[in-house]
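Visitor: I'd like a quick tour of this one, with the reasoning spelled out as we go. Where do we start?

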Amino acid sequence: MQPVLIDTDPGTDDVLAIIMALNSPDLDVVGITTVGGNAKLTHTTNTALRLLTYLRRPDIPIAKGASSPLDGKFVYAYQYHGRDGLSVPLPTTDLKPRSRSAYDLIIASARKNRNNLVVVALGPLTNIAK
């Protein structure tokens with residue numbers, strides 16, 4: 001299986017991509033990093049945590065990344081993705097993001113997987129740039 005880390009600003013589109021990746025027999029999702037984009041970082045991180053709770057995958061680490069771009073500011077898409085960044089209701093969760101940053105999780109995952117890690121960047125590329 002191919003180890004992948006998903007870097008995301010989960011709104012409806014990214015949630016579907018995460019579900020597909022988690023159900024692929026060819027992929028091993030080793031982590032999820034969040035970034036502001038479709039919604040504020042607080043909302044995108046909460047969506048990822050609630051999604052993994054719903055899918056019963058608390059084993060996958062989630063780390064928060066950039067809340068703003070390197071230059072300028074995000075234009076959020078709440079009109080498309082709902083007031084909390086997702087228009088589909090998900091259960092509440094007690095899951096918390098890992099204490100390490102998104103950048104640290106990306107680097108640690110690459111080292112652990114002997115540089116065979118594929119980063120699937122679904123959101124703004126701020127975490128990757130950092």
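Guide: Let's start with a charged pair, keeping in mind that this is a predicted model. The side chains of R57 and D59 come together in a salt bridge, with an N to O distance of 3.0 Å.

Visitor: How many salt bridges does the structure hold?
Guide: The cut-off is a Lys or Arg side-chain nitrogen within 4 Å of a carboxyl oxygen of Asp or Glu. R57 and D59 meet that at 3.0 Å. For the structure, the count is 1.

Visitor: Are the partners buried or exposed, starting with R57?
Guide: Buried needs under 20% relative accessible area and exposed needs over 50%. D59 comes out at 48%, so D59 is partly exposed. R57 sits at 26%, so its class is partly exposed.

Visitor: Which residue has a positive phi without being glycine?
Guide: Look in the loop between α2 (41–54) and β3 (62–64). The residue there is exposed, because its relative accessible area is 73%. Its phi is near 60 degrees, and the residue is R56.

Visitor: What about D7, and how far away is the nearest side chain of opposite charge?
Guide: D7 belongs to strand β1, residues 2–8. D7 is buried and has no salt bridge. The nearest side chain of opposite charge is K130, and the distance is 11 Å.

Visitor: Then which side chain makes a polar contact with that of D7?
Guide: Beyond four places in sequence, D7 touches a run of residues including T33, V35, V119, P124 and I128. The polar contact between side chains is 2.7 Å long, and the partner of D7 is N127.

Visitor: V119 turned up there; which residues make the nonpolar surface patch with V119?
Guide: To join a patch, a residue needs over 30% relative accessible area. V119, in strand β4 (residues 118–121), has 33% and so counts as partly exposed. I128, in helix α5 (residues 126–129), has 40% and so is partly exposed too. The patch covers about 240 Å², and the partners of V119 are L125 and I128.

Visitor: Which residues is I128 in contact with, leaving aside neighbours within four places in sequence?
Guide: P89 is 39 residues from I128 in sequence, and their C-alpha atoms are 29 Å apart. Contact needs heavy atoms within 4.5 Å. The contacts of I128 are D7, I106, V119 and A121.

Visitor: Is T44 buried or exposed?
Guide: T44 is part of helix α2. Outside its sequence neighbourhood of four places, T44 touches D9, P10, T34, V35, G36 and A39. Its relative accessibility is 0%, so the class is buried.

Visitor: Which backbone oxygens does the side chain of T44 reach?
Guide: A polar atom of that side chain lies 3.1 Å from the backbone oxygen of L41. At 3.2 Å the T44 side chain also reaches the backbone oxygen of V35. The two oxygens belong to L41 and V35.

Visitor: Last stop, T92: which residues is T92 in contact with beyond four places in sequence?
Guide: T92 is in the loop between α3 (78–81) and α4 (102–112), and with 70% relative accessible area it is exposed. P10 lies 82 residues from T92 in sequence, with the C-alpha atoms 16 Å apart. The contacts of T92 are R50 and T53.

Methods
Residues are numbered from 1 along each chain as its sequence is written. This is a predicted model: local features need pLDDT of at least 70, side-chain atom pairs count only at pLDDT 80 or more; totals for chains, interfaces and linings use all residues. Side-chain values use heavy atoms; hydrogens and water are left out. Helices (H or I, at least four residues) and strands (E, at least two) are DSSP runs, numbered from the N terminus. Buried means under 20% relative accessible area, exposed over 50%, partly exposed in between (1.4 Å probe, protein chains only). Lys and Arg count as positive and Asp and Glu as negative; His and the chain ends are not counted. A polar contact is a pair of N or O atoms within 3.5 Å; within protein, one must be able to donate a hydrogen and the other to accept it, and residues adjacent in sequence count only if both atoms are side-chain atoms. Patches are made of residues with over 30% relative accessible area and no salt bridge: like charges are joined within 9 Å, nonpolar side chains (Val, Leu, Ile, Met, Phe, Trp, Tyr) within 5 Å. Accessible areas come from the Shrake-Rupley method with a 1.4 Å probe; for residues, only the protein chains shown count as cover.
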